[in-house]
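Open the model in your viewer and keep the selection box handy. We will go from one stop to the next, and at each one I will tell you what to pick.

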Amino acid sequence: MREVKICTVFTEYQNHELPATDTNLVARAQEAARNAYAPYSQFYVGAALLLDDGRVVTGNNQENAAYPSGLCAERVALFAAGAQGGSQEIAAIAIAAYNASGFTPKPVSPCGACRQVLLEYEKRQQKPIRIILSGAGNSYIAPSAVSLMPLYFDSSFL
Ligand code: THU
């Protein structure tokens, strides 16, 4: 028997320390959050993908009276980018969320299903996606979707 350590590391930035490209992408995620359709949770999430050609694709959570029919902001953005043919690689994703108290004090963390989808897109393009989790005052940054889910399931198991 042996212990196996499977670790992940993020870098915490105060928001004023972020590189300008990250700040801009966070602003796009915040803007997208404002257009979320979240009448049930009133938790408004935005995701912004920076593509390699400089374009930004955004998504936000889309809820439904039949709750499981809704979709998270991250998957709305990723599937929108994928629907364009997926020829442009995704360089980075920024995620931001707010509720009645404002933008989340903690950097918002994507759900398991969104992590799985993000990882699939990263594997597909064979190039890491920079992860920017934004909070009201600070952000967590990691160089790859693997950082969100180190012990991931992918097609190599099939
Ligand atoms: N949600 C997202 O859009 N992304 C996340 O990372 C976490 C949760 C949405 C789903 C639902 O519409 C609302 O937030 C409350 O869970």
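UniProt positions are used here in the numbering of this chain, and annotations of that kind may be inferred rather than shown by experiment. Keep in mind also that this is a predicted model.

**Stop 1: the annotated domain.** Select residues 20-158, which an unreviewed UniProt entry annotates as "domain: CMP/dCMP-type deaminase". Colour this stretch by secondary structure: 28% of the chain there is helix and 25% is strand. The C-alpha atoms at its two ends lie 40 Å apart.

**Stop 2: the ligand.** Now show the ligand with its surroundings: S41, F43, V45, N61, E63, C72, A73, E74, S109, P110 and C111. Sorted by class, this shell holds six nonpolar, three polar and two charged residues.

Which polar distances are worth drawing? Start at the side chain of N61, where an N or O atom sits 3.0 Å from a ligand oxygen. Next take the backbone of A73, which has a polar atom 2.9 Å from an oxygen of the ligand. Then turn to E74, with a side-chain N or O atom 2.6 Å from a ligand oxygen. The ligand alone would expose 380 Å², and the protein buries 74% of that area.

**Stop 3: three cysteines.** Select C72, C111 and C114, where the unreviewed UniProt entry places the feature "binding site". Why do they count as one spot? They span 43 residues in sequence, yet no two of their C-alpha atoms are more than 8.4 Å apart, so the three gather together.

Zoom in on C72, in the loop between β3 and α2. C72 is partly exposed, at 23% relative accessible area. Beyond its neighbours within four places in sequence, C72 contacts N60, N61, C111 and C114. Move on to C111, in the loop that joins β5 (102-103) to α3. This residue is partly exposed as well, at 32%. Apart from residues up to four places away in sequence, C111 touches C72 and R75.

**Stop 4: helix α2.** Select residues 73-83 and look for the buried positions: A73, E74, R75, A77, L78, A81 and G82. In an α-helix there are 3.6 residues a turn, so residues three or four places apart point the same way. To see what covers the buried residues of α2, show β2, β3 (56-60), β4 (90-99) and α3, which are among the elements that do so. Just past the helix, click on G85, whose phi is positive at about 115 degrees.

**Stop 5: two glutamines with positive phi.** Pick Q42, in the loop between α1 (20-33) and β2 (44-51). Its phi is near 50 degrees, a positive value in a residue other than glycine. Q42 is partly exposed, with a relative accessible area of 47%. Then jump to Q126, in the loop between α3 (112-125) and β6 (130-134). Here phi is near 55 degrees, again positive without being a glycine. Q126 counts as exposed, at 74% relative accessibility.

**Stop 6: E12.** Finish in strand β1 (residues 11-14), where E12 is found. Is E12 buried or partly exposed? With a relative accessible area of 44%, E12 is partly exposed. Leaving out neighbours within four places in sequence, its contacts are E17, N138, S139 and Y140. Draw the polar contact between the side chains of E12 and N138, at 2.5 Å. As a last distance, try E12 to I132: they are 120 residues apart along the chain, with 9.9 Å between their C-alpha atoms.

Terms used: Residues numbered from 1 in each chain as written. Predicted model: local features only at pLDDT ≥ 70, side-chain atom pairs only at ≥ 80, totals over all residues. Heavy atoms only, no water. Helix = DSSP H or I, 4+ residues; strand = E, 2+ residues; numbered from the N terminus. Near = heavy atom within 4 Å. Polar contact = N/O pair within 3.5 Å; in protein donor to acceptor, adjacent residues only side chain to side chain. Areas by Shrake-Rupley, 256 points an atom, 1.4 Å probe, with all protein chains shown as cover. Nonpolar A, V, L, I, M, F, W, Y, C, P; charged D, E, K, R; others polar. Buried < 20%, exposed > 50% of the residue type's maximum accessible area, 1.4 Å probe, protein only. Contact = heavy atoms within 4.5 Å.
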